[in-house]
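Colleague: I should like to go through the terms used for this model and hear the grounds for each of them.

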Amino acid sequence: MGKQANLYAFPDAASLAPALRAYVISCQDAGLQRHGVFKVAVSGGSLPKTLAQALLAPPKGEGDQVKWDKWEIFFADERAVPLDHADSNYALLKAELLDKLSTDTPQPTVHTIDPTQLGDTQELADQYEQVLVRSFASRDSVKLPIFDLLLLGCGPDGHTCSLFPGHELLRETTAWVAPIEDSPKPPPKRITLTLPVVNHAVRVAFVATGGGKKEIMKEIFEQGNGLPCALVNEGTGDRCSWFVDNPAVEGVSYPKRPFSL
Ligand SMILES: O=C1O[C@H](COP(=O)(O)O)[C@@H](O)[C@H](O)[C@H]1O
């Protein structure tokens, strides 16, 4: 059997946060070494809060620095709503994290969707794909963008990004960014990175917390069942790491590793 996803379990979100921070910083430093910037895509949902807990903590030394000005932040998925709407993943990240960076911190570059294109979800996706094309242009010969890190959530149905169980979007092979107009979780109109782009990232980290996730975690890690999160596990192997709390993996039969870089 090939290498498998790493599952790191912690008593609670507070003890998960320092490990997530160390992991993100190691991905950041590897990205900076490779090409001088850190290209990361983030999700909405419960992720930004935990991410903020991890990244806004005071640094513990020279090797523990978040180099915000070197970050290019993209969205793993986004809802087709204005950027200040309560459903916007950008608005959530801004409220939880970006607005809390001190004003003397050099700011990251944040790539939002184009809010003038909300009426046409295909156009919204195409324009966001062009944002990626421009950003990854120096690696023009590649057929897919290679993110340094994707920070993903896992919905209670096993969805990740806006890739939902059984949806035809899971069969997308050419687009980098795709529209979805029938998301089973509201709001229905969204855009999402496609599965080939997700699976092509250098590293993928999932964050899942709370007992509400334990049934789906059992299914993802024990059966797979073609669930989107399981497809990412299968597509990325040990490039994929899960940061979870104990309630989220109670009763899950899968080896949990002590966290180390
Ligand atoms: O709709 C979405 O849900 C997923 C999972 O959210 P969570 O609250 O269960 O963590 C999220 O990752 C995605 O970005 C979002 O659009």
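Modeller: The discussion below takes the ligand site, a helix pair and two loop residues in turn. Please bear in mind that the model is predicted.

Colleague: What makes the pair between Ser46 and the ligand a polar contact?

Modeller: A polar contact is a pair of N or O atoms within 3.5 Å. An N or O atom in the side chain of Ser46 is 2.6 Å from an oxygen atom of the ligand, so the pair meets the cut-off of 3.5 Å. For Lys185, a polar side-chain atom lies 2.8 Å from a ligand oxygen. The protein covers 93% of the 390 Å² of accessible area that the ligand has on its own.

Colleague: How do you know that Asn89 belongs with them, given a distance of 3.4 Å?

Modeller: The 3.4 Å separates an oxygen atom of the ligand from an N or O atom in the side chain of Asn89, and the limit is 3.5 Å.

Colleague: Which residues come nearest to the ligand, and how does the shell divide by character?

Modeller: Gly44, Ser46, Asp77, Arg79 and Lys185 come nearest, out of 16 residues around the ligand. The shell divides into three nonpolar, eight polar and five charged residues.

Colleague: Why are helix 2 and helix 3 called roughly parallel?

Modeller: The axes of helix 2 (residues 47–55) and helix 3 (residues 89–96) cross at roughly 30 degrees and come within 9 Å. Angles under 35 degrees count as roughly parallel, and therefore the term applies to helix 2 and helix 3. Their crossing is right-handed.

Colleague: What is the omega of the cis peptide bond that joins Pro186 and Pro187?

Modeller: The omega is about -5 degrees. Pro187 lies in the loop between strand 7 (177–180) and strand 8 (190–193).

Colleague: What is the phi of Cys161, and where is this residue found?

Modeller: Cys161 has a positive phi of about 50 degrees, although it is not a glycine. Its place is the loop between strand 6 (149–153) and strand 7.

Key:
Residues numbered from 1 in each chain as written. Predicted model: local features only at pLDDT ≥ 70, side-chain atom pairs only at ≥ 80, totals over all residues. Heavy atoms only, no water. Near = heavy atom within 4 Å. Polar contact = N/O pair within 3.5 Å; in protein donor to acceptor, adjacent residues only side chain to side chain. Areas by Shrake-Rupley, 256 points an atom, 1.4 Å probe, with all protein chains shown as cover. Nonpolar A, V, L, I, M, F, W, Y, C, P; charged D, E, K, R; others polar. Axes fitted to C-alpha atoms, helices over the stretch in contact; angles between N-to-C directions. Helix = DSSP H or I, 4+ residues; strand = E, 2+ residues; numbered from the N terminus. Parallel < 35°, antiparallel > 145°, perpendicular 65-115°, else oblique. Left-handed = near helix turned anticlockwise from the far one by under 90°.
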